[in-house]
Amino acid sequence: MAKVAFLGLGVMGYPMARHLKAKGHEVTVYNRTTAKAERWVAENGGRLGRTPREAADGQEIVFACVGNDDDLRQVTIGPDGAFEGMAQGAVFVDHTTASAEVARELFARGGERGIGFIDAPVSGGQAGAENGVLTVMCGGEPEVFAQVEPVIMSYARACRLLGPVGSGQLTKMVNQICIAGLVQGLAEGIHFGKRAGLDIEAVLDVISKGAAGSWQMENRGKTMNQGKFDFGFAVDWMRKDLAICLAEARRNGAHLPVTALVDQFYSEVQKMGGRRWDTSSLIALLER
Ligand SMILES: NC(=O)c1ccc[n+]([C@@H]2O[C@H](COP(=O)([O-])OP(=O)(O)OC[C@H]3O[C@@H](n4cnc5c(N)ncnc54)[C@H](OP(=O)(O)O)[C@@H]3O)[C@@H](O)[C@H]2O)c1
């Protein structure tokens with residue numbers, strides 16, 4: 001069993017930390033809004049750190065799942081950041097969806113202190129975190145990955161090292177690029193079917209078993225048809241992720257015309273009041 005800290009008890013981090021504790025690891029938590037960390041400790045036991053540094057002090061592995069690049073910098077190398085409290089040989093595992101650049105930066109800063117760094121964004125959403133069945137995409141050094149993989153499996157169904165530091169974030173970008181175009185295609189299909197007077201549930205039921213089938217169709221098709229979006233992965237988060245993808249594409253020369261267009265559609269959804277709606281809300285633009 002490992003001595004670990006978890007920084008960031010949000011929608012994802014709260015249940016991920018719970019799985020670590022349930023598997024028998026010694027867990028210390030930190031959350032910017034302390035009341036959430038106090039609730040976590042009251043429910044699960046374990047210890048509370050008042051700062052990232054205090055939570056990370058003396059731990060073998062420090063996990064984080066915060067919002068974006070700047071949030072991640074704050075909890076690692078900011079004042080009272082985790083890196084200050086971590087000993088040589090300890091490993092920082094970042095589950096935030098962030099840029100590959102910040103991963104490389106923190107890998108280098110950690111390296112100066114003998115701290116290992118693995119970028120490890122996740123896929124599977126709130127339900128995946130609650131049920132401990134996330135997919136984890138990792139970048140970093142193989143021997144460091146081998147140290148943390150068994151602990152990550154406390155809340156994952158799949159965890160894979162895809163290359164050097166940054167490779168986890170780059171893989172997550174591929175994931176988000178694939179989702180963006182697909183959801184727009186699905187939205188247009190459902191919109192067209194409605195205009196054609198078809199029974200959409202029957203249509204989805206039959207075509208989901210064929211070549212058009214997808215996770216999005218299985219899990220979001222019905223609710224898109226019903227105009228229900230108050231759940232799932234927020235449009236604000238998706239825009240953050242697509243901005244990361246488009247910035248990386250500018251660097252590596254990839255052409256992402258559909259991704260760029262869908263990003264603009266999401267900005268329209270935000271203007272409609274849909275900042276916290278699920279990403280499947282692209283259909284709302286077609287039906288307004
Ligand atoms: N939700 C999903 O379905 C999903 C799926 C895959 C990946 N992700 C990614 O996972 C990450 C977290 O998502 P989430 O849904 O768990 O978000 P969330 O519910 O908004 O939680 C964010 C957490 O980060 C903390 N935080 C933010 N900025 C901070 C800062 N500057 N310093 C210290 N703590 C800070 C927040 O603390 P407070 O409690 O004080 O606000 C909160 O604990 C994001 O990068 C997101 O893109 C989310």
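These legends go with a set of close-up views of one predicted model.

**Figure 1. A look at who sits around the ligand.** There are 24 residues around the ligand, and the ones that come nearest are Asn31, Thr33, Lys36, Gly67 and Gln74. Sorted by type, the shell splits into 9 nonpolar, 10 polar and 5 charged residues. If you like to think in helices, α4 (69-77), α7 (125-130) and α12 (235-252) each put at least two residues into this shell. Of the contributors, α4 gives the most, with 3 residues. The shell also draws on both domains: domain 1 (3-163) and domain 2 (170-286) each supply at least three residues.

**Figure 2. Zooming in on polar contacts of the ligand.** Start with Val11, where a backbone N or O atom is 2.9 Å from an oxygen atom of the ligand. Gln74 works through its side chain instead: an N or O atom there lies 2.8 Å from a nitrogen atom of the ligand. Then there is Trp237, with a polar side-chain atom 3.4 Å from a ligand oxygen atom. As for overall cover, the ligand on its own has 900 Å² of accessible area, and the protein covers 89% of that.

**Figure 3. The sheet of 6 strands, end to end.** This one is an open sheet with parallel pairing, and its strands come in the order β3-β2-β1-β4-β5-β6. The edge positions go to β3 (47-48) and β6 (116-119); each has a single partner strand, so one side of each has no neighbour in the sheet. Further in, strand β1 (residues 3-7) runs parallel to β2, and 5 bridges join the two. To find your way along that pair, look for Lys3, whose bridge partner in β2 is Glu26. Strand β2 (residues 26-30) has 4 of its 5 residues buried, so the rest of the structure largely encloses it.

**Figure 4. Strand β4 and the strands it pairs with.** Now move along to β4 (residues 61-64), which is covered on both faces. Ile61 and Phe63 are buried on one side, and Val62 and Ala64 are buried on the other. β1 pairs with β4 in the parallel sense over 4 bridges. Two handy landmarks for that pairing are Ala5, with Val62 of β4 as its bridge partner, and Leu7, which stands opposite Ala64 in β4. β4 also pairs with strand β5 (residues 91-94), again in the parallel sense and over 4 bridges. Here the pair to look for is Ile61 with its bridge partner in β5, Val91.

**Figure 5. The sheet of 3 strands.** Like the sheet in Figure 3, this one is open, but here the pairing is mixed and the order is β7-β8-β9. β7 (122-123) and β9 (156-161) stand at the edges with a single partner strand each, so one side of each is left without a neighbour in the sheet. Between β7 and strand β8 (residues 134-138) the pairing is antiparallel, over 2 bridges. Val122 is a good place to centre the view: its bridge partner in β8 is Val136.

**Figure 6. His19, in helix α1.** His19 belongs to helix α1 (residues 13-22). Is His19 buried or exposed? Its relative accessible area is 13%, under the 20% cut-off, so His19 counts as buried. The side chain of His19 also reaches the backbone oxygen of Ala129, at 3.2 Å.

**Figure 7. Two loop residues, Asp80 and Val165.** Asp80 is in the loop between α4 and α5 (82-85). What is odd about its backbone is the phi, which is positive at about 60 degrees although Asp80 is not a glycine. For context, most residues other than glycine have a negative phi. At 40% relative accessibility, Asp80 is partly exposed. Val165 sits in another loop, the one between β9 and α9 (167-195). With a relative accessibility of 14%, Val165 counts as buried. If you want a ruler in the view, draw it from Val165 to Arg32: C-alpha to C-alpha they are 27 Å apart in space, and 133 residues separate them in sequence.

Terms used. Residues are numbered from 1 along each chain as its sequence is written. This is a predicted model: local features need pLDDT of at least 70, side-chain atom pairs count only at pLDDT 80 or more; totals for chains, interfaces and linings use all residues. Side-chain values use heavy atoms; hydrogens and water are left out. A residue is near a molecule or strand if one of its heavy atoms lies within 4 Å of it. A polar contact is a pair of N or O atoms within 3.5 Å; within protein, one must be able to donate a hydrogen and the other to accept it, and residues adjacent in sequence count only if both atoms are side-chain atoms. Accessible areas come from the Shrake-Rupley method with a 1.4 Å probe; for residues, only the protein chains shown count as cover. Ala, Val, Leu, Ile, Met, Phe, Trp, Tyr, Cys and Pro count as nonpolar, Asp, Glu, Lys and Arg as charged, and the others, Gly among them, as polar. Domain bounds come from an automatic or database domain assignment. Buried means under 20% relative accessible area, exposed over 50%, partly exposed in between (1.4 Å probe, protein chains only). Two strands pair if DSSP finds at least two bridges between them.
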